[in-house]
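Work through the exercises below with the sequence and the model side by side. Try each task before reading its solution.

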Amino acid sequence: MNRLINSPQNLGTTPPLEYIDATVRAGYEAIGIRLYRAPGRTYNFNPIVGNPSLMRDVHSALASSGLEVFDIYSFYLRPEMEWDLIMPALDFGGELGAKYVLVIGDDADWSRMCDNFGRICDKIAPMRQTAVVEATVGALTPMSVAVKFMADCKRDNVGICLDPRQTFRDEHTFDVLKGQDSRLLPYAQINDASPVLSNAGTLPGDGNVPLYDYLDGLPADIPLSVEAQIPAGNVYSGAEWAKISVERIRRFLEGYYASRK
């Protein structure tokens with residue numbers, strides 16, 4: 001069955017060390033860490049980089065957790081890049097041993113966006129990391145645009161990570177995944193689209209995205225990053241939601257694989 005990665009989107013404002021502990025206790029195999037607040041965005045963010053004692057504690061907690069540090073979040077390609085903040089975050093991601101750097105296109109100038117993405121790719125290449133764009137989000141939608149962007153950037157350490165609710169919103173089908181080069185799809189996200197909360201990812205089966213079709217179109221056994229956000233209103237603690245989300249998604253995947261036998 002697919003390896004599951006806990007993402008920082010899931011646990012909201014849960015502080016970093018509690019987030020790591022909750023991920024371990026829930027039984028996730030890997031973890032994503034948010035190291036940079038995208039300019040102008042309001043995503044939940046607990047600063048780590050720039051706080052030496054917290055950086056040491058996070059590094060130690062991850063090293064002893066048994067979790068694979070899968071990806072670091074989220075580096076937006078914008079007209080004005082905050083390189084003074086981005087570069088230290090990338091360095092710390094390398095120290096943590098993260099495999100992937102999640103990047104989102106947010107610039108109308110294609111050439112500038114390619115140049116800035118290339119700079120990230122070149123920075124992380126010596127750390128043996130891959131820069132992965134979240135396709136069908138921001139400037140990189142539809143899927144064909146993201147694929148063209150990969151080609152135009154002319155780098156080898158690149159990939160695409162799909163968000164199913166965003167892809168289905170823009171493509172209205174997952175047929176676009178047929179025939180894609182599997183090497184461009186190292187991992188993917190898993191969530192559903194709430195019919196009420198249009199901008200929030202929910203647990204698979206709670207929305208209207210045809211996720212079986214999505215999984216059919218992805219490489220077999222692809223790792224899945226969970227982005228089913230914790231409900232608003234303090235209904236659950238971070239630890240409770242981590243456990244609920246991983247158990248629900250494993251049941252969902254069991255149902256999927258049973259249906260494909």
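**Exercise 1. The sheet**

The open sheet has eight strands, paired in parallel and ordered β6-β5-β4-β3-β2-β1-β10-β7. The model is a predicted one.

Task: Find which strands stand at the edges of the sheet, and say why one side of each is left without a neighbour.

Solution.
- Step 1. Look at the two ends of the strand order: β6 begins the order and β7 ends it.
- Step 2. Count partners. β6 (158–162) and β7 (188–190) each have a single partner strand, so each has one side with no neighbour in the sheet.
- Step 3. Add the twist, which averages 35° from one strand to the next.
- Step 4. Check the partner of β7. Three bridges link β7 to strand β10 (residues 224–226) in the parallel sense. Within this pair, Gln-189 is opposite Ser-225 of β10.

**Exercise 2. Helices on the sheet**

Task: State which strands helix α5 lies across and which strands helix α8 touches.

Solution.
- Step 1. Take α5 (residues 143–153). This helix lies across β3 (68–77), β5 (130–135) and β6, and runs at about 165° to β6.
- Step 2. Take α8 (residues 238–259). This helix packs on the sheet and touches β1 (4–6), β7 and β10. The directions of α8 and β1 make an angle of about 155°.

**Exercise 3. A helix pair**

Task: Describe how helices α3 and α4 cross, and sort the residues of their contact into nonpolar, polar and charged.

Solution.
- Step 1. Start with the axes. Those of α3 (residues 83–96) and α4 (residues 110–124) come within 10 Å and cross at roughly 35°. The crossing is right-handed.
- Step 2. List the residues. From α3 come Trp-83, Met-87, Leu-90 and Asp-91; they meet Asn-116, Arg-119, Ile-120, Lys-123 and Ile-124 of α4.
- Step 3. Sort them. The contact has five nonpolar residues, one polar and three charged.

**Exercise 4. Two covered strands**

Task: Decide how many residues are buried in β5 and in β2.

Solution.
- Step 1. The cut-off for buried is under 20% relative accessible area.
- Step 2. In β5, six of the six residues are buried, and the strand is mostly covered. Thr-130, Val-132 and Glu-134 lie on one side and Ala-131, Val-133 and Ala-135 on the other, so that both faces are covered.
- Step 3. β5 runs parallel to strand β4 (residues 100–105), and four bridges join the two. One pairing is that of Val-101 with Ala-131 in β5.
- Step 4. In β2 (residues 30–34), five of the five residues are buried, so the strand is largely enclosed by the rest of the structure. Ala-30, Gly-32 and Arg-34 point one way, while Ile-31 and Ile-33 point the other way.
- Step 5. β2 runs parallel to β1, with two bridges between them. Asn-6 has Ile-31 of β2 as its bridge partner.

**Exercise 5. Two loop residues**

Task: Is Asn-157 buried or exposed, and what does its side chain meet?

Solution.
- Step 1. Asn-157 sits in the loop between α5 and β6.
- Step 2. Its relative accessibility is 15%, so Asn-157 counts as buried.
- Step 3. A polar atom of the Asn-157 side chain lies 3.2 Å from the backbone oxygen of Gln-129.
- Step 4. Beyond four places in sequence, the residues touched by Asn-157 include Cys-121, Ile-124 and Thr-130.

Task: Place Val-176 and find its contacts away from its sequence neighbours.

Solution.
- Step 1. Val-176 belongs to the loop between α6 (164–171) and β7.
- Step 2. With a relative accessible area of 21%, Val-176 is partly exposed.
- Step 3. Leaving aside neighbours within four places in sequence, Val-176 is in contact with Met-143 and Glu-171.
- Step 4. Ser-144 is 32 residues away along the chain, yet its C-alpha atom is 8.3 Å from that of Val-176.

**Exercise 6. Backbone details**

Task: Where is the cis peptide bond, and which loop residues have a positive phi without being glycine?

Solution.
- Step 1. The bond from Thr-141 to Pro-142 is cis, with omega near 0°. Pro-142 is in the loop between β5 and α5.
- Step 2. His-172 has a positive phi of about 65°. This residue lies in the loop between α6 and β7, and at 59% relative accessibility His-172 counts as exposed.
- Step 3. Asp-221 has a phi near 60°. The loop between α7 (211–217) and β10 holds Asp-221, which is partly exposed at 48% relative accessible area.

Conventions. Residues are numbered from 1 along each chain as its sequence is written. This is a predicted model: local features need pLDDT of at least 70, side-chain atom pairs count only at pLDDT 80 or more; totals for chains, interfaces and linings use all residues. Side-chain values use heavy atoms; hydrogens and water are left out. Two strands pair if DSSP finds at least two bridges between them. Axes are lines fitted to C-alpha atoms, for helices over the stretch in contact, and angles run from 0 to 180 degrees between N-to-C directions. Contact means heavy atoms within 4.5 Å. A crossing is left-handed if the near helix is turned anticlockwise from the far one by less than a right angle, and right-handed if clockwise. Ala, Val, Leu, Ile, Met, Phe, Trp, Tyr, Cys and Pro count as nonpolar, Asp, Glu, Lys and Arg as charged, and the others, Gly among them, as polar. Buried means under 20% relative accessible area, exposed over 50%, partly exposed in between (1.4 Å probe, protein chains only). A polar contact is a pair of N or O atoms within 3.5 Å; within protein, one must be able to donate a hydrogen and the other to accept it, and residues adjacent in sequence count only if both atoms are side-chain atoms.
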